[in-house]
Structures are given as C-alpha cells and as structure tokens.
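Trainee: Could we go through this model together? I'd like to ask things as they come up.

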Amino acid sequence: MPADIKARPPATMMHGQKNAGAFSRIEAGVSGVFTSDNYRSYLRTMAKFHRYSARNCLLIHLQRPEATMVAGFDAWKKKFHRHVLAGEKGITIIGYALKSSTLRKPLRDEKGDPVIGDDGKPAIEYVKHSYPVYFPVYV
C-alpha cells in the first residue's frame, strides 16, 4: 500500500467537514481497493491520471472509475471547448497550498536572555513560517 495514502494531515491543516469526509472516503476506499479485484481498476485509473497524487487518484477512482479526463470548470470551457451540463457534479479531490505567516519572536542571546535594543525595549526578530493547508477541489 502506498505510504502517502494513509498519511492524514493534522486536523489543524484541514478546513471543514468536506475535507474530513474526503479523508474518511479515502480510508474506507483503501481497504476496498487493496483487498479485492478493484486493484487492477485502480491501477488503470492511476495510469490515466499519473500527474495526480495516489490519494487523489484513489478519490477519482472511488467517485467515478470510468473517468477518462478530469479538469476544472473553466478548463473544460477554455481548453476543451466543452460545456458542463446543468446539474452535473464534480469529482472532489484534495488540493493544497503553502500558506505562510510571520511570527514575532523576542531575540535571545546564547544564554537565553532577551536582547535589549538601543531603545531599551526587547529586540524582536521576525520568523517566516510556511505550512500546507488542505482544501477540497472539484474537477
């Protein structure tokens, strides 16, 4: 079993119930795919969508195993000159983005004591912190 399928991001990085539902669907689907004849079908799905992660290939396979192409709404219009029919549902996959934030930390010397600046106040350093955020994407 591929290692990244079971790896679930921490709950702080997931937003909302839709992500929790997608990850639950993955966990339920893993046992079904890898313990039955569906494995061959899953491998065909992975061959079609080799640019997607194993996790997203599994989601595509679970929701629409007969899919031959996936694209977002605008990509269907612009790249493929096709229209999505009213009432059609998208396939939910998991997207991620790197978010960053800047943290303020007091500057400390070798002993761990705060460094005092020229103005008599503790010196502050700004540390940039990056972390992944996961969210549902519809293709």
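Here is how the conversation went.

Trainee: How many helices and strands are there in the chain, and in what order do the elements run from the N terminus on?
Mentor: Keep in mind that this is a predicted model. The chain has five helices and two strands. Going from the N terminus, the order is α-α-α-α-α-β-β.

Trainee: Which element has the lowest mean pLDDT?
Mentor: Across the chain the average pLDDT is 83, and 87% of the residues score at least 70. At the high end is strand β1 (residues 92-106), with a mean of 92. Residues 1-9 are another story, with pLDDT below 50, though the model gives this stretch 20 contacts beyond near neighbours in sequence. The element with the lowest mean, 43, is helix α1 (residues 3-6).

Trainee: What share of the contacts with a separation of 6 or more is between residues 24 or more positions apart?
Mentor: Here we set aside pairs with a separation under 6. Of the contacts that remain, the share from residues 24 or more positions apart is 60%.

Trainee: Which residues have the most contacts inside the largest nonpolar core?
Mentor: Some background: buried residues make up 25% of the 139 in the chain. The largest nonpolar core has 19 residues, and α2 (16-34), α4 (54-63) and β1 each supply at least two of them. The ones with the most contacts inside this core are I26, I60, I91 and I94.

Trainee: Is α4 mostly covered or mostly open, and how many of its residues are buried?
Mentor: The buried residues of α4 are A54, R55, N56, C57, L58, L59, I60 and H61. That makes the helix mostly covered, the buried count being eight of ten.

Trainee: Why does H61 count as buried?
Mentor: H61 sits in helix α4. Beyond four places in sequence, H61 is in contact with V33, N38, S41, Y42 and T45. The cut-off for buried is under 20% relative accessible area. H61 counts as buried because its relative accessibility is 6%.

Trainee: T45 turned up in that list. Is T45 buried or exposed?
Mentor: T45 belongs to helix α3. Leaving out neighbours within four places, T45 is in contact with C57, I60, H61 and P65. With a relative accessibility of 2%, T45 is buried.

Trainee: And M46, is that residue buried or partly exposed?
Mentor: M46 is in helix α3 (residues 38-48). Buried would need under 20% relative accessible area, and exposed over 50%. M46 has 26%, so M46 is partly exposed.

Trainee: How far apart in space are M46 and L58?
Mentor: Outside its neighbours within four places in sequence, M46 is in contact with A54 and C57. As for L58, M46 is twelve residues away from that one in sequence. From C-alpha to C-alpha, the distance between M46 and L58 is 8.0 Å.

Trainee: Which residues are closest to the centre of the largest pocket?
Mentor: The volume of the largest pocket is about 470 Å³. There are 19 lining residues in total. Closest to the centre are R64, W76, V84, E88 and V139.

Trainee: By class, how many residues of that lining are nonpolar?
Mentor: Start with the others: four lining residues are polar and four are charged. The nonpolar ones number eleven.

Conventions: Residues are numbered from 1 along each chain as its sequence is written. This is a predicted model: local features need pLDDT of at least 70, side-chain atom pairs count only at pLDDT 80 or more; totals for chains, interfaces and linings use all residues. Side-chain values use heavy atoms; hydrogens and water are left out. On a 1 Å grid over the protein atoms alone, a cavity is a set of points where a 1.4 Å probe fits but cannot get out, and a pocket is an open set with protein on both sides within 12 Å along at least five of seven lines; lining residues have an atom within 4 Å of a point. Grid points are joined across faces, edges and corners, and a volume is the space filled by probe spheres set on the points. Ala, Val, Leu, Ile, Met, Phe, Trp, Tyr, Cys and Pro count as nonpolar, Asp, Glu, Lys and Arg as charged, and the others, Gly among them, as polar. pLDDT is the predictor's confidence in each residue, from 0 to 100. Helices (H or I, at least four residues) and strands (E, at least two) are DSSP runs, numbered from the N terminus. Contact means heavy atoms within 4.5 Å. Buried means under 20% relative accessible area, exposed over 50%, partly exposed in between (1.4 Å probe, protein chains only). A nonpolar core is a set of buried Ala, Val, Leu, Ile, Met, Phe, Trp, Tyr and Cys residues joined through side-chain atoms within 4.5 Å.
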